[in-house]
Amino acid sequence: MIPKPEKRIAEFENRGFGMFIHWGLYSSLAQGEWTLNIHKIPEAQYRKCFEQFSAKDFDAKQIVKLAKQAGMKYITLTTRHHDGFSLYDTRGLSEYDVMHCPCQRDLVKEFVEACREEDILPMLYHTTLDWVHPDFDANFDRYLEYLRQSVEILCTHYGKIGGLWFDGNWSKRDADWKLDELYGMIHRLQPDAMIINNTGLSEQGKTGHPEIDSVTFEQGQATVMNREGMSKYVTAEMCQTMNRHWGIAERDIDYKSPRQMIERLCHARKVGANYLLNIGLTAQGGVMKMTEALLEMIGIWCDMAKESLYEGKPCELVCSNEKDFVLKKGKDYFVYVHDLPMLGPKDVVAAYESTDENHTISGFQGKVKSIHWLDNEEELLFHQDQDVLSYRAVGFLYGSQYIVRIAKIEMQ
Ligand code: GLC
């Protein structure tokens with residue numbers, strides 16, 4: 001028996017594509033979010049970042065709009081990262097927060113409100129490990145109480161939130177993190193909140209505590225979840241950076257191309273997982289031009305794909321090309337076709353390539369009525385022989401290249 005997803009999990013899955021935001025004091029140094037730890041930044045120097053943190057360039061509304069235009073339907077913000085600094089008002093719990101530096105604004109409040117206005121689900125990342133809190137190593141039980149109270153603040157002062165995204169339990173694998181208490185509190189205060197706890201690079205896709213609603217594939221490729229016999233339906237999420245760092249790193253120019261990101265997004269949807277794509281904000285909360293430009297490109301594709309990208313579900317149909325796949329929505333099917341050429345007169349347009357246009361999909365029940373491309377409405381030639389559908393996948397006409405082309409298959 002395969003369990004049915006609870007409402008919050010089904011809704012999260014239908015949001016499909018999200019924006020991860022890494023931002024904190026480390027952004028001022030612009031060399032990754034681990035800089036304090038890896039580069040052993042002297043305390044006094046890191047303190048300066050705190051003393052100069054103004055968030056003057058942070059415009060939550062603008063970021064939410066950017067995410068929306070890129071086709072993203074939720075945003076996961078680092079409310080506190082491993083350096084221990086909080087982007088929210090900790091209400092007396094700690095002096096190491098936005099209210100005690102020049103910023104003096106509760107950035108989580110701004111974020112959640114901006115999300116709500118645009119029907120974007122706000123997800124709150126929260127570290128569980130802490131490099132600077134003395135209790136983390138000296139008095140772990142007391143530290144856990146501090147962590148619990150921190151999370152309690154997030155669950156009580158910001159209205160309805162989408163969920164919590166924890167990260168850091170991998171730092172003390174054998175410790176008792178008192179998760180029953182933490183997760184129990186979250187579901188008491190926020191019954192509809194998703195609970196995710198990143199299992200890290202080495203344990204991708206691993207399920208853990210029964211309250212966990214989604215497994216994580218950090219920087220990885222999600223695989224199909226085998227839910228047979230599970231006590232509840234757990235979904236999956238693949239998170240990924242645009243270059244090699246989560247926090248801004250000015251000297252990291254190793255960016256993925258729109259093709260790589262779109263293909264990753266497609267892979268996620270193929271296996272029913274969400275794709276969480278990261279951006280690192282600048283020192284005071286601005287968005288880099290590069291980030292903006294890449295998101296704009298991805299948005300062009302998502303706009304073309306939107307009819308099936310979010311609510312389309314993986315199905316049993318098998319495509320002749322290995323990368324291709326079919327999503328089912330209602331009674332219609334959508335085939336995602338990869339690696340099509342761009343067509344143009346031979347020898348005139350350098351990009352002219354020709355490939356085999358004959359594709360098949362097997363496993364069909366029922367009769368196909370018509371097939372058309374979503375990008376230009378053009379009908380595809382097809383032929384159905386019992387459960388095997390053959391169709392001609394022509395390339396992009398000169399003037400467009402959508403990377404992954406989608407055709408809608410309507411049934412009789
Ligand atoms: C890792 C890193 C962290 C990053 C996270 C995002 O666990 O420790 O810096 O925030 O992955 O998935």
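Let's start close to the N terminus, where E11 and K7 form a salt bridge whose closest N and O atoms lie 3.4 Å apart. Keep in mind as we go that this is a predicted model. Both residues belong to helix α1, which covers residues 7-15, and because they sit 4 residues apart in that helix, about one helical turn separates them. How exposed is each partner? E11 is partly exposed, with a relative accessible area of 42%, while K7 is exposed, with a relative accessible area of 65%.

That pair is one of 29 salt bridges in the structure. In general, side chains of opposite charge can pair when their charged atoms come close.

Now move along the chain to D141 and K178, whose side chains also meet in a salt bridge, at 3.4 Å from N to O. Here the two partners come from distant parts of the chain, 37 residues apart: D141 sits in helix α7, and K178 in the loop between β4 (163-167) and α8. D141 has a relative accessibility of 46%, so it counts as partly exposed. K178 falls into the partly exposed class too, with a relative accessibility of 29%.

Helix α7 is worth following a little further, so let's look at how it packs with α8. Helix α7 spans residues 140-156 and helix α8 spans residues 179-189; their axes come within 10 Å and cross at roughly 15 degrees. Angles under 35 degrees count as roughly parallel, and so α7 is roughly parallel to α8. The crossing of these two helices is right-handed. Which residues make the contact? From α7 come R148, V151, E152, C155 and T156, and from α8 come E181, L182, M185, I186 and L189. Sorted by character, the residues of this contact comprise 6 nonpolar, 1 polar and 3 charged.

Further toward the C terminus, another salt bridge joins the side chains of K206 and E203, with an N to O distance of 3.6 Å. K206 is partly exposed, its relative accessible area being 44%, and E203 counts as partly exposed at 25% relative accessibility.

Salt bridges can also share partners, and here they join E6, R8, D213 and K232 into one network. If you have the model open, this network makes a good last stop: select E6 and R8 together with D213 and K232 to see the four residues that the shared salt bridges connect.

How values were computed. Residues numbered from 1 in each chain as written. Predicted model: local features only at pLDDT ≥ 70, side-chain atom pairs only at ≥ 80, totals over all residues. Heavy atoms only, no water. Axes fitted to C-alpha atoms, helices over the stretch in contact; angles between N-to-C directions. Parallel < 35°, antiparallel > 145°, perpendicular 65-115°, else oblique. Left-handed = near helix turned anticlockwise from the far one by under 90°. Contact = heavy atoms within 4.5 Å. Nonpolar A, V, L, I, M, F, W, Y, C, P; charged D, E, K, R; others polar. Buried < 20%, exposed > 50% of the residue type's maximum accessible area, 1.4 Å probe, protein only.
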